[in-house]
Amino acid sequence: MGLLAPLFLLGLVGLVVPVLVHLTERQRRTVVDFPSLMFLRKIPFRSTQRRRIHHWTLLSIRALALLLLVAAFSRPFFENTEVAIGATLGPREVVVVLDRSYSMGYGDRWERAKTRARQVFEGLEPSDRASLVFMGRGAEALLRATSDRERLLAALDTASIGDDGTVYGPALKLAQTILEESELPNREAVIISDFQRSGWNGDEGVSFPFGTVIEPVLISDDSTPNATVASVTLQRDFFSGQERMTATARVVRREGDEPVDRTILLELDGQEVQTQTVTLDPTGSATVTFEPFTLSDVYTRGSIRLDSDALTQDNELHFVLSPGRAMRVLVLEGANPRENVSLYLETAHASEESSFQVEVRSSSTFSTEDLETTDVVVLNDIPFPQGNTEVRLRRFVEAGGGLLLVLGERSAWRTGLEEFLPGRFGPARDYSRGAARLGFLDYPHPVFELFAGPGTGDFTRARFFRSRDLQVSPEGQVLARFDDGSVALAERLVGEGSVMVWTSTMDAFWNDLAVQPVFLPFIHQLMYHLGKYRDQVPWFTAGQVLDIADPDGLVFVADRENELSPETDQVALTPGGGSIALPATVGPRFLELDEQGFYEVRPPGTNPDRVFSVAVNVDVAESELEAMDPTELAGAVASRQAGDEVGAGGETLTPEMQARNQERRQSLWRLLMVAALVLLLAETAISNWISRAATMRFEDGRSYVPSSP
Amino acid sequence: MAVRERSSVQGANTQFLDPVVLSRIGNLELLARTVVDGFLQGLHRSPHLGMSLDFAEHREYMGGDDIRLIDWRLFARTDRFYIKLFEAETAADFMVVLDISKSMSFGTHSVTKLDYARYLGSALAYFSQKQKDRVGLATFDHEVVEFIPPSTRHLQRILHTLSRAEPGRPGTLRDPLMRIGENLHHRGIILLLSDFYEEPQAVIDSVRHLRARGHDVIVFHLLDPAELEFTYDSAASFRDLESATMIPIVPDELAVEYRKLIGEHTQELDRLFTGSRIDYTVLDTSKPLDYALFRYLSSREKMSRVR
């Protein structure tokens with residue numbers, strides 16, 4: 001609230017006047033000169049001591065009237081209209097957007113949010129309509145445009161908090177749709193949330209209908225200490241022929257005064273296997289590494305739990321692991337290969353922790369059966385196979401296998417290869433004026449994506465002295481070029497697989513890339529890409545949808561994917577104990593992962609020993625409880641044009657509404673003036689009544705009233 | 001000397017005694033003459049009424065007496081020398097003592113109490129002058145303001161002083177009357193005009209010493225009709241003219257009480273003055289002056305008889 005004429009507030013000094021009048025009791029009526037008051041004073045009076053205020057009511061009325069007059073002349077106005085303008089103009093379409101992300105479970109936030117929503121519903125007029133929209137990662141309209149207040153309240157009572165994070169866009173879009181479809185003259189949106197900034201990116205594209213009153217209700221706490229299991233790294237390695245996993249958890253603590261010790265434990269298949277104590281500094285993080293454990297069974301369920309605090313959902317993180325399968329790489333070299341021609345390739349794949357199995361063989365010993373157990377074939381400086389081998393190789397690639405041609409002095413072009421390779425390669429060329437270097441890398445490509453960031457690998461240090469020319473066909477794609485523009489690496493997709501050509505050797509003969517640090521990750525990325533390798537996904541995030549009919553989405557159960565074949569009916573058991581039927585069908589079978597914990601998918605009526613499981617965790621971004629300014633969001637979703645005035649809730653006002661709004665904001669003085677006049681009239685009546693009560697007072701501080709009529 | 005009842009003199013000529021009419025006469029001497037002549041004319045009596053020619057007694061001639069005063073007829077019968085003594089054989093001192101305190105300026109019609117007193121004082125002074133009396137004047141409030149000793153030549157001065165007398169200060173009776181009494185060396189008639197806003201006992205104590213000095217005292221208590229009846233009807237602050245003190249008054253509630261008090265006051269004054277052989281008369285300033293004049297003449301007659 002502000003004042004148009006604040007200097008009138010000086011008139012408040014006049015408040016002392018009524019007090020002084022009441023204390024001094026100076027007679028303000030007509031003065032009549034009389035020869036002597038001798039006889040009047042002789043009339044017996046009832047005497048009371050003064051120096052105190054006799055007529056508090058009169059004084060209060062006078063002071064209040066003066067106060068109101070001063071306030072009226074000061075012309076108070078509201079900065080904005082707190083009360084919705086449209087609230088008095090007709091029925092309303094009210095949409096309550098209630099955030100039920102798991103961060104609303106912090107303390108008593110959820111109860112407070114429901115209380116506010118209940119107040120909104122209870123304040124509805126019979127002609128109003130309301131909708132209840134739940135906001136999480138997605139949006140759900142539980143009740144839509146109904147006047148049934150009892151149903152709204154009942155729906156609110158049965159509402160429960162979710163396990164997903166806050167994403168404002170879908171819920172606000174849904175609210176926008178409801179409001180746009182409404183024919184009622186007034187529209188209101190009440191957004192009840194903790195307004196986490198992580199769920200807002202500012203370009204949601206939400207724009208409420210013109211004139212919508214937006215009321216953001218912030219549910220927050222002054223202090224939000226919280227600890228979160230932010231992430232878990234599962235390191236896979238092999239030891240004595242067994243696969244071992246090492247779990248490392250990162251725990252983040254937000255807010256606090258002093259370091260605290262928290263207990264964190266590791267569970268496998270429901271059994272607590274390890275417990276550790278971690279010391280968390282205020283607003284800091286700590287890493288806890290558990291002892292390695294052997295992974296022998298598929299669908300091994302694991303959980304890492306932190307002891308409880310105000311927000312429990314982010315204190316645990318679940319995962320599901322199955323024993324991994326190494327990628328098999330077959331390197332073929334010539335009959336009389338150059339010395340160490342495959343040494344660097346083999347070495348790059350050979351490590352105890354590597355997920356590759358590399359086999360180097362002579363091309364003469366290569367048989368088509370080898371392709372059945374191979375993911376990637378590398379033709380290392382050898383002529384392209386011919387005949388049946390070529391056919392099988394083509395089928396291998398078309399079926400999804402990967403083929404890498406490493407060109408050297410023995411590689412030879414022949415007709416027919418242009419239909420299979422990314423381009424025609426020609427003779428070798430020397431870089432006589434010094435070495436060539438890699439001048440272009442297609443960083444968006446999966447092979448080089450890893451090296452896109454600064455400090456992630458320097459290919460320019462490698463010197464290339466000789467390479468084979470490659471004329472890329474239209475079907476081919478250049479992934480790397482030397483600084484003279486010639487092609488270094490090209491790819492062609494064939495069927496489900498792909499063929500790549502590297503125009504220089506993979507040893508230290510034509511270049512020194514093999515001795516550069518970037519060589520090993522480069523080779524790994526090549527193999528991952530060609531072999532379509534995907535890491536196992538140990539968990540999903542609440543709110544994601546899993547297509548159990550997509551084998552690519554279930555790579556970590558590839559060996560048993562037949563269990564989830566489309567021809568078999570399935571049922572999914574949720575962490576909360578519910579079941580979701582997944583009948584046999586052609587096409588995708590989606591499973592919505594809404595709850596935190598483990599989902600089980602099995603054929604109905606069966607109880608397999610190791611059931612297909614999916615771990616679902618909450619979005620850790622939701623545990624960041626920092627709130628944004630609600631008015632920022634309200635202003636962003638309000639529909640407006642240049643020059644439009646915005647109401648208290650961020651609504652845009654029409655010119656008529658603007659004028660009315662301005663009038664309302666400044667019209668308080670009239671009310672004050674009327675009240676002051678009413679008070680003054682009352683004061684007149686009361687003072688006359690008091691006068692007729694024959695109160696008589698002397699100036700010496702005593703008041704006299706006739707003792708008897 | 002016969003004094004008629006007041007009711008018998010309310011004739012056509014009384015308009016010359018109406019204070020309202022008199023207030024239009026600016027010259028006080030003319031006013032006094034109009035009053036006195038009109039008044040006397042209405043009585044159908046000689047203007048020499050009251051002259052001191054009445055025989056009082058005889059006494060034996062003593063050496064040094066004027067032989068012209070010897071009653072030769074009585075000498076013829078008794079062969080002794082007696083001389084005649086006449087009543088009021090010499091002119092009396094007539095002193096107008098006028099209260100000009102602030103309260104005397106009060107009046108709810110065209111004539112204030114002081115005006116009324118002025119008219120009355122000048123008229124009686126003029127009348128006394130015509131009686132060959134020596135007339136004097138004293139005005140006072142809380143002290144003596146003007147003092148004109150009795151003399152046969154002071155009438156003009158008296159009238160002039162009366163005309164310019166202005167009320168302005170609070171007044172008391174005791175000290176001024178004491179001082180006036182000390183300055184009157186011959187016994188005479190003192191006409192005291194005041195509103196007597198003091199306690200009755202204090203008033204009589206102040207006036208009594210004049211009587212004790214042998215003066216004949218005639219007291220006119222001048223009151224405005226509003227002082228007598230308290231005819232106010234709306235609430236107001238009443239301010240004391242002398243002390244300027246104000247009190248809020250609701251007349252409806254107080255009028256009865258006030259009238260009772262003022263009645264008791266005048267009755268008490270009447271009782272005390274009568275007890276001291278002082279003529280006391282309450283005069284309503286809205287009434288004509290004839291009543292006052294009759295009261296004066298009546299008092300003079302009583303005094304002459306006593307003497």
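Trainee: How many bridges join strand β16 of chain A to β17(A)?
Mentor: This is a predicted model. Strand β16 covers residues 300–306 of chain A and runs antiparallel to β17(A). One bridge pairs A:Thr300 with A:Leu321 of β17(A). The number of bridges joining the two strands is six.

Trainee: Which strands of chain A stand at the edges of the open sheet β13-β12-β16-β17?
Mentor: The sheet has four strands, and the pairing is antiparallel. From one strand to the next, the twist averages 15°. An edge strand here has a single partner, so one of its sides is left without a neighbour in the sheet. The edge strands are β13 (271–280) and β17 (316–321).

Trainee: Is A:Gly543 buried or exposed?
Mentor: A:Gly543 sits in the loop between β28 (540–541) and β29 (545–547) of chain A. The cut-off for a buried residue is 20 or more other C-beta atoms within 10 Å. A:Gly543 has 20 of them, so it counts as buried.

Trainee: What is the C-alpha to C-alpha distance between A:Gly543 and A:Glu592?
Mentor: Beyond its neighbours within four places in sequence, A:Gly543 is in contact with residues including A:Gly136, A:Asp164 and A:Asp594. A:Glu592 is 49 residues from A:Gly543 in sequence. In space, the C-alpha atoms of A:Gly543 and A:Glu592 are apart by 6.8 Å.

Trainee: What span should helix α10 of chain A have at 1.5 Å a residue?
Mentor: The helix has twelve residues, 519–530. The expected span is 1.5 Å times one less than the number of residues. The end C-alpha atoms are 16 Å apart, which agrees with the expected span of 16 Å.

Trainee: Which residue just after α10(A) takes a positive phi?
Mentor: Within α10(A), the buried residues include A:Phe519, A:Phe522, A:Ile523 and A:Leu530. Just after the helix, a phi of about 50° appears, and the residue that takes it is A:Lys532.

Trainee: Are helices α6 and α7 of chain B roughly parallel or roughly antiparallel?
Mentor: Helix α6 spans residues 174–183 and helix α7 residues 200–212 of chain B. Their axes come within 9 Å and cross at roughly 5°. Angles under 35 degrees count as roughly parallel. Therefore α6(B) and α7(B) are roughly parallel.

Trainee: By class, how many nonpolar residues are in the contact of α6(B) with α7(B)?
Mentor: From α6(B) come B:Arg174, B:Leu177, B:Met178 and B:Gly181. Residues from α7(B) include B:Ala202, B:Val207 and B:Leu210. The contact has three polar and two charged residues, and its nonpolar residues number five.

Terms used:
Residues are numbered from 1 along each chain as its sequence is written. Chains are lettered from A and ligands numbered from 1 in the order in which they are written. This is a predicted model: local features need pLDDT of at least 70, side-chain atom pairs count only at pLDDT 80 or more; totals for chains, interfaces and linings use all residues. A residue is buried if 20 or more other C-beta atoms lie within 10 Å of its own, exposed if 12 or fewer, and partly exposed in between; C-beta atoms are placed from the backbone. Two residues are in contact if their C-beta atoms, placed from the backbone, lie within 7 Å. Two strands pair if DSSP finds at least two bridges between them. Axes are lines fitted to C-alpha atoms, for helices over the stretch in contact, and angles run from 0 to 180 degrees between N-to-C directions. Angles under 35 degrees count as roughly parallel, over 145 as roughly antiparallel, 65 to 115 as roughly perpendicular and the rest as oblique. Ala, Val, Leu, Ile, Met, Phe, Trp, Tyr, Cys and Pro count as nonpolar, Asp, Glu, Lys and Arg as charged, and the others, Gly among them, as polar.
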